Amino acid sequence: MKRAYLICLLLSLCALPGCVDQTYIEDISLSLLLGMDLDEKNRLVISSTSPVFSKEAKEKEENTIVHAVSLRQSREEFDSMITTLTSRGKVQLLLIGKRILEHPDWFKLLDALYRDGKNTTMSRVVLVDGSVADLIKFKPKDKPILPLYLLKLIDTAHDQNITVKTSLQELHRQFTEKGMSPSFAELKKDGQIKVKGTALLDRSGKYKMTLNADQTKLLRILQNETRGVFPFTIHLHEQPNKGFFQENITSFYPNFIKVKIKADYKNGGFVFDIKIKMGISMTERIFNYNVRKQAPELEKQIQEELQNQIRQMLEKVQAAKIDPFGLGLYARAYEYSHWKKVQDAWGVAFSDATVNVKVKVRIRAMGSTT
Amino acid sequence: MFGIFNFLRRTPHSKYRKSNKPLASQENPSLSNKLSANLHYLHQLFNLTPDLVIRQVHSDQGATYAALVYLDGMVDKASIHNNILRELAYKTPDEISVGSIHKASDWRQVEDAIFQGNSVLFVDGQPEATVYGTQGWPQRAVEQSPVEASLRGAHQGFVETGSQNVAMIRRYIPNRELKIKELTVGRRGRTKISILYLADVARPEILQELETRIRKVDIDAIMNTGELAELIEDNPFSPFPQLILTERPDTAASHILQGRYIVVVDKSPTVMAAPAHFFTFLTSVDDHNSRWMIASFTRILRFVALFISLFLPALYIALISFNYEVIPVQLILSIAETRSRVPFPPILEAMLMEITIEMMREAGIRLPSPIGQTIGIVGGIVIGQAAVQAGIVSNIMVVVVATTAIASFLMPNYDMGAAIRLLRFPMMLLASMFGIVGIVTGAIALVAHLVSLESFGMPYGSPLAPWRFAEMKDMFIRVPIWAMLKRPKSTGATQTVRQKNHRGDEDS
Amino acid sequence: MKKDAQNGITFMQYIFIIHGSQVGTGVFSLPRILADKAGTDGWISLFLGWGLSVIASILIVLIFRKYPNDTLPELMIRLFGKIVGKILILPVIFYFAFFVWTILTSAMLFIKQWFLPMTPDYVVMFLLIAPGYLVASRSLRILGRYCELVFYMMILMFFLFLFPLGDSHWVHLLPIMKEGWLPIFHGVFSAIYSFLGFEIVFFIYPYLQKRSLAIRGVIIANTLTLLFYLEVTLICFAFFSPDGITEYNQPVFNLLKVIDFNFLERIDMLFLALYLFELSTAWLPFTFGAIFSLGFLFGTKNPARYASLLFLLIVVLSFFLHPSWNQNDQWIIFSGQAGLWFAYVFPAILYLYVLIYNRLRRSESL
């Protein structure tokens with residue numbers, strides 16, 4: 001009798017309310033790309049691109065653009081416009097219009113993306129120079145659907161260190177870390193979509209300046225992020241540059257880069273000593289030179305050129321009172337007592353800091369020709 | 001899910017104990033010394049038994065002085081004609097040239113002897129009969145077992161005669177420590193059970209337990225080893241087989257050498273080994289017969305297949321109906337595209353395909369092999385392709401189900417393979433109700449069940465639970481045989497050393 | 001009374017039961033709490049917490065050295081008499097049962113937040129408990145085997161945390177002891193909560209087959225826990241900015257979100273689901289403690305009955321209470337404080353008591 005009772009109890013378990021949280025994959029409007037922008041009247045515009053799974057549909061992606069006061073509220077708006085449930089678990093890219101960056105503290109708008117455990121924090125954050133709505137309506141015929149195309153674009157650009165790949169997670173770090181300022185990739189659309197380089201922001205989130213592809217490589221090196229390839233093409237001013245074609249060009253890529261950063265406090269200011277060591281492989285040299293015999297001299301010239309470029313970039317960045325390199329981390333690590341006084345205005349303190357950069361280049365391979 | 005049913009479990013075999021009604025006559029009179037009285041009683045015992053042959057032997061005076069009784073078809077006729085009947089004319093019953101001769105003094109013995117294919121000689125004036133071992137019933141030739149085929153192992157399989165099976169095992173272990181304990185099971189069936197073991201290796205407590213359990217069985221007859229296994233296994237509510245059934249003498253012998261007990265059931269071509277462990281079901285003879293690296297690779301492959309056949313359909317269901325975040329974007333896109341045409345929820349789709357596959361498998365087993373192959377092709381290719389085109393299932397589901405089916409064919413043991421196939425369905429249900437959490441819950445239940453299961457007092461999950469590093473030499477990978485110096489502890493072997501290290505000092 | 005050899009646990013099982021009961025849901029938020037209290041030096045607090053918990057667990061072992069065949073309830077009765085002893089067992093039962101309840105509710109809340117937001121509480125609770133019943137209804141030996149197996153299965157988890165190493169900035173940790181010792185001491189309190197669980201020694205010590213190794217066992221178990229916590233904490237500190245880490249409730253999940261293989265993304269979700277294994281080894285030993293004492297109180301030893309009673313109670317409670325995150329936090333704090341008294345202070349007092357008791361008895365007998 002008791003057993004029969006227990007069996008009934010067990011059987012009743014089969015009627016447990018399961019399946020409540022079920023949503024089938026084809027019923028989800030998978031938002032792959034999320035855009036945030038301000039329109040002419042300074043209203044917040046949220047846009048979203050999601051793939052269309054039906055074979056009958058001609059368009060493979062659908063764009064939805066709504067006015068909303070926040071990201072989460074926009075989701076309700078989306079749900080009222082499209083037939084399926086909006087999901088942000090797979091957002092690959094977050095496009096931010098340049099007009100937003102004119103205002104400080106926009107970072108707080110992203111709260112919904114961090115709060116909901118189902119959301120991904122690996123979406124790449126990208127600045128769009130121009131209107132986000134324009135960009136997401138762009139449908140190149142010879143490319144895969146836009147979100148995937150942009151994803152590939154940013155990822156390969158990052159592998160070449162032409163731009164940075166800042167995920168939402170990384171962005172959170174950059175915004176909360178007092179010793180650095182945020183930076184992320186910048187795109188521009190003139191007919192074609194192009195990676196412009198890296199946008200640098202101040203700690204409140206306002207746009208400051210853009211580093212181009214070459215400068216981004218140097219930025220990455222100073223950040224001590226030396227993964228990926230760093231193909232350099234530089235002009236050596238000590239080499240002859242006559243004739244129609246610019247002859248003083250040489251290209252190379254480093255096999256390894258080692259960065260050593262030391263922070264010091266001298267005479268009321270921070271002093272950073274950055275030593276960069278790299279072994280390079282030559283890939284191109286247009287001028288006449290015998291690398292086999294005169295390697296040290298060439299190494300020296302490359303060194304100086306790189307140092308020059310870094311110095312120029314540093315000056316510009318310091319003038320903008322920002323620290324995208326995260327040198328503040330080193331200031332905190334090695335000069336904590338001094339850092340503590342300036343930690344809330346590190347950008348200003350950094351603009352007064354002295355940064356000494358020493359590059360040491362060794363040619364490890366010259367290729368098949370001398 | 002399994003142990004919960006423990007409460008359902010009655011004390012084993014109580015069902016049979018309750019029926020006290022005698023299945024066979026209880027009284028057991030002894031033989032009379034008058035032949036006619038004996039024959040009369042014999043006629044009473046065996047009425048309506050046309051295959052009983054009573055050959056009366058007459059003396060020179062023409063009077064009946066002896067009678068040979070046997071069951072037609074159960075005896076070796078040549079031996080009866082050439083040895084017994086011919087020699088009776090000039091020899092005493094004890095001098096007849098038959099291998100096994102013994103005396104029976106009561107009717108129970110006589111009856112048993114006749115039923116077992118012996119011939120019984122009654123002599124007038126003697127209160128006992130002579131039993132000649134003349135068994136000779138129709139027999140199958142020794143051939144390879146189709147269920148447990150091997151690539152390189154011996155191609156012998158057990159047959160339906162217990163004594164032959166014992167002999168086949170003995171050929172592998174011609175050792176005086178190989179002991180055989182005989183029992184009889186079944187009131188009507190009187191099936192002879194022989195327990196084979198190495199007296200100096202196997203743990204005596206297990207023998208005791210095994211014997212008690214077999215003795216407790218009170219049933220009219222058992223047909224097959226599988227029935228006996230079900231009657232004596234530890235946890236009848238577990239999906240896992242708890243006794244190793246095999247049709248291969250070499251496997252049986254190797255089990256004995258590892259310290260297990262082999263139970264040979266007469267009339268069944270299968271023997272069983274106890275105690276069993278989960279991982280013994282994932283091994284095959286060929287593992288020890290091929291080179292160790294290849295064998296290890298196969299082992300790992302088998303474990304992967306185990307996981308695939310248990311979890312793959314469930315995982316797929318969970319991922320596409322709950323936790324799609326886990327799938328990379330590109331894959332989501334292609335899955336969603338194939339799914340968008342299917343009108344059913346994933347669980348239904350999966351069940352449809354799984355059940356079709358299981359039906360095809362079941363259909364193929366009993367069909368003659370040429371037709372069986374056709375069924376496979378028709379089922380696999382035609383139905384799968386047509387189902388996709390008809391929009392009933394998605395492409396990826398076909399891939400998933402097919403992979404699962406192939407993976408389940410890798411299980412070397414039929415019982416374990418069947419258990420895994422069965423467990424797949426609750427897993428799929430759990431996945432469809434609770435997603436990944438459901439699968440993990442199912443997995444925890446499975447692990448908890450495996451851990452708590454015991455086979456004759458030995459932990460079933462060994463060497464994983466309890467963890468025994470030393471025994472993992474022969475689990476996920478198979479180390480070279482010369483490195484396996486000890487017998488597994490899991491079987492409770494009392495003599496642990498299996499071989500001396502003969503290669504170890506070559507390196508030093 | 002000799003504990004039956006059948007039920008004995010091996011040295012390794014002893015270690016893994018203790019280690020398993022220490023590691024629960026606390027580790028998800030541990031880096032945040034430590035960073036809150038002690039900044040990036042929080043990991044030093046872990047060492048101090050480890051030291052304290054090792055001392056406490058050694059004390060427990062030392063107490064039972066004197067009464068090698070007793071579990072806690074038996075010892076209570078021996079020391080305080082039948083009635084007082086049984087009354088003293090009551091809070092112990094409550095303590096263990098409450099721990100089971102808090103671990104399970106927090107596990108349920110995590111599951112609901114990450115996977116099944118709409119599924120009713122009691123269903124999720126049932127899902128968590130049902131497989132555990134298979135172990136809880138059996139003897140300690142089965143629990144030992146289970147904990148051992150799960151530990152080995154979860155070793156992979158240890159390596160999983162190494163993946164975000166590429167994105168971490170170790171310079172965050174410098175300078176070490178930037179604010180001196182004071183914040184570190186503040187952090188110790190949070191650290192010792194996370195080592196709670198070793199009090200299960202109260203119950204499993206007499207079952208250990210080689211009792212001479214008991215002290216070594218508790219040290220190893222505590223060290224394993226320390227290693228795991230240290231790994232998680234250090235990597236979180238290196239990965240998140242020192243100011244940013246406090247903004248995440250469970251930094252560990254944000255850390256795991258970053259890992260993405262080509263074929264699998266969102267490792268945090270998979271991790272949380274698989275972590276249910278680890279969680280089961282946290283609440284099952286506590287369940288054992290609770291039902292063992294219950295059985296002692298009522299004199300019958302049928303773990304299955306008490307287990308089903310306790311589990312039914314928990315499922316029903318979750319059906320009526322609908323625990324929230326904040327409630328659960330309060331419960332965790334409460335059980336942590338209770339644990340502080342029960343696992344750290346109580347053994348010390350008991351040890352002194354036993355010393356005095358023995359001396360008195362000896363002088364009496366003289």
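When I say contact today, I mean heavy atoms within 4.5 Å. With that in hand, good morning, everyone, and here is the interface between chain A and chain C: 31 residues of chain A meet 34 residues of chain C.

A word on ground rules. This is a predicted model, where local features need pLDDT of at least 70 and side-chain atom pairs count only at pLDDT 80 or more, while totals for chains, interfaces and linings use all residues. Residues are numbered from 1 along each chain as its sequence is written, chains are lettered from A and ligands numbered from 1 in the order in which they are written, and side-chain values use heavy atoms, with hydrogens and water left out.

Back to chains A and C. About 2900 Å² is buried between them, and carbon and sulfur atoms give 52% of that; buried area is the accessible area, with a 1.4 Å probe, that two parts lose on being put together, summed over both. There are three salt bridges between chain A and chain C, a salt bridge being a side-chain nitrogen of Lys or Arg within 4 Å of a carboxyl oxygen of Asp or Glu. A:Lys90 and C:Glu265 form a salt bridge, with N to O at 2.3 Å. We also find 14 residue pairs in polar contact across this interface, both residues at pLDDT 80 or more. Polar contact here is a pair of N or O atoms within 3.5 Å; within protein, one must be able to donate a hydrogen and the other to accept it, and residues adjacent in sequence count only if both atoms are side-chain atoms.

Which element gives the most to the chain A side? That is α9(A), with five residues. Helices here are DSSP runs of H or I with at least four residues, strands are E runs of at least two, and both are numbered from the N terminus. By class, the chain A side that touches chain C has 11 nonpolar, eight polar and 12 charged residues. For those classes, Ala, Val, Leu, Ile, Met, Phe, Trp, Tyr, Cys and Pro count as nonpolar, Asp, Glu, Lys and Arg as charged, and the others, Gly among them, as polar.

Now let's turn chain C towards chain B. Here 30 residues of chain C touch 31 residues of chain B. The buried area is about 2900 Å², with carbon and sulfur atoms giving 76%. On the chain C side, C:Leu127, C:Leu134 and C:Arg145 lose the most area to chain B, together 22% of what that side buries. C:Arg145 also forms a salt bridge with B:Glu454, the closest N and O atoms being 3.4 Å apart. In total there are two salt bridges between these chains, along with five residue pairs in polar contact, both at pLDDT 80 or more. Helices α6 (121-136), α7 (140-153) and α13 (267-298) of chain C each supply at least two residues to this side. The largest share, eight residues, comes from α7(C). The chain C side that touches chain B divides into 21 nonpolar, three polar and six charged residues.

As for chain C as a whole, it has 15 helices and zero strands.

Last stop, inside chain B. An automatic or database assignment sets domain bounds, and for chain B it gives domain 1 (35-132), domain 2 (162-276) and domain 3 (289-458). Domains 2 and 3 of chain B bury about 1400 Å² between them, 75% of it from carbon and sulfur atoms. On the domain 2 side, B:Pro239, B:Phe240 and B:Pro241 lose the most area to domain 3, together 40% of what that side buries. How many salt bridges cross this domain interface? Zero, by the rule. Thanks, everyone!
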